[in-house]
Amino acid sequence: MTPQVPLLLVVGPSGHGVVQYGADVAAALIADGAARVEVAPDPTVGRAVVERERSVHVHVTDRILGASPEAAAAVIEEWAALCKLTITVHDVPQPSDGTMFARRAAAYHRMASAAAATALNSVHEQDLWREHIGTASLPAVIPLGSRIGRAPGTDAAASVADLVVLLAGFVYPGKGHRPAITAAAAAAADLRAGGGDVGRVVVRAIGAPSRGHESDVDALHADAEALGVEFEVTGFLADDAFAQALRAPGIPLAAHEHVSASRSMLDWVEVGRRPLVVDSRYAREMAELRPGTLRLYDPVALPAALADAWRTPSGTWQEAGTPLAPTLSDAAAAYAAWWQAS
């Protein structure tokens, strides 16, 4: 391990997106022969690691560090008192958090103030930080890295009669499942009115409900049934099955309007899909970062976008060989340079 690279501490449940991304970055650094990694299922185990290290880096979100934003901030403050702690923060607070916004913003301010240095995953998050968090120094930006350098090819662009909309990741309010159901019903009606031979209308959630949101699935089933739409939830899928589900016939959709940085967008891109993504400051940043990989849409125009994708399914796939950089290797190099400068 070079002196500039800290121990990489991966904290939290293995199925969480932030935890998985921290593990992916750690693996990329290890592949370069530049790092050590420790895995801790919870902050209590993490503290034992921190106590014996001089320098530690951890990817964090308040939701995996404590039962409340204040508890999460206290964990980071405690660890920062025991070693030189650098952090990458995810799920940056924004006003759409509702009643939790002020508490989360204060907690993130505490975490960054305690840490030796802080990184974010997008310029959009840096803008959120400037607008709502504010610290003595602005965190660095190291964009999320893709697992592969170029998009794979596809043989799955043939037209199908069914109008199937695919959403990836956990099911919870605000993720876009309800707008997808409404828009799919409207798109099918418009297509049929124009003579389109539309079969089943399906909205498929590729993932499981977030803990505590199981009842939301029942409500989505009821909403879909009332509109003549089938709503399907795959449940948790292992990596290979998840990738296969993303490549299934259908229209890839990322409809979360209040995202700060999104691994799920990369999940689509890495299997060769070109998802519809609701237009936002972050989505425009990612579309510029990886040209040709996303199709942005205005929320009010989602039915038309779905209808167009049904007519021309080839548009839901990238061209084989489309560059997907920055990769995880690029992110690892950026982290190494950042630590050396911190």
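1. In which sense do strand 10 and strand 11 pair, and over how many bridges? Strand 10 (residues 251-254) runs parallel to strand 11 (residues 276-278), and two bridges join the pair. Ala254 sits opposite Val277 of strand 11. Keep in mind that this is a predicted model.

2. Zooming out, that pair belongs to an open sheet of six strands, ordered 9-8-7-10-11-12 with parallel pairing. Strand 9 (230-233) and strand 12 (295-297) are the edge strands, each pairing on one side only. On average, neighbouring strands in this sheet are turned by 25° against each other, direction ignored.

3. On to the nonpolar cores. The largest has 36 residues, and Leu9, Leu65, Trp79, Leu85 and Ile87 touch the most other members. Another core, of 33 residues, lies apart from it and includes Val171, Leu191, Val203 and Ala309.

4. Trp79 is worth clicking on. Beyond its neighbours within four places in sequence, Trp79 contacts Leu9, Val11, Pro43, Gly46, Arg47, Val50, Val58, Leu65 and Leu85.

5. Now the aromatics: there are three aromatic pairs. The Tyr335 and Trp338 rings have centres 6.0 Å apart and planes at 70°; an angle over 60 makes the pair edge-to-face. These two residues are three apart in helix 13 (residues 328-341), so about one helical turn separates them. Trp338 also pairs with Trp339: the centres are 6.3 Å apart and the planes at 40°, so this pair is tilted.

6. Tyr335, Trp338 and Trp339 make up one aromatic cluster. Tyr335 is buried at 1% relative accessibility, Trp338 is buried at 13%, and Trp339 is buried at 5%.

7. One last spot to look at: Arg273 lies over the face of Trp317, 4.0 Å from the ring centre.

Notes: Residues are numbered from 1 along each chain as its sequence is written. This is a predicted model: local features need pLDDT of at least 70, side-chain atom pairs count only at pLDDT 80 or more; totals for chains, interfaces and linings use all residues. Side-chain values use heavy atoms; hydrogens and water are left out. A nonpolar core is a set of buried Ala, Val, Leu, Ile, Met, Phe, Trp, Tyr and Cys residues joined through side-chain atoms within 4.5 Å. Buried means under 20% relative accessible area, exposed over 50%, partly exposed in between (1.4 Å probe, protein chains only). Contact means heavy atoms within 4.5 Å. Two strands pair if DSSP finds at least two bridges between them. Helices (H or I, at least four residues) and strands (E, at least two) are DSSP runs, numbered from the N terminus. Axes are lines fitted to C-alpha atoms, for helices over the stretch in contact, and angles run from 0 to 180 degrees between N-to-C directions. Rings of Phe, Tyr and Trp (its six-membered ring) pair if their centres lie within 6.5 Å; planes under 30 degrees apart count as stacked, over 60 as edge-to-face and the rest as tilted. A charge sits over a ring if NZ of Lys or CZ of Arg is within 6 Å of the ring centre and within 35 degrees of the ring normal.
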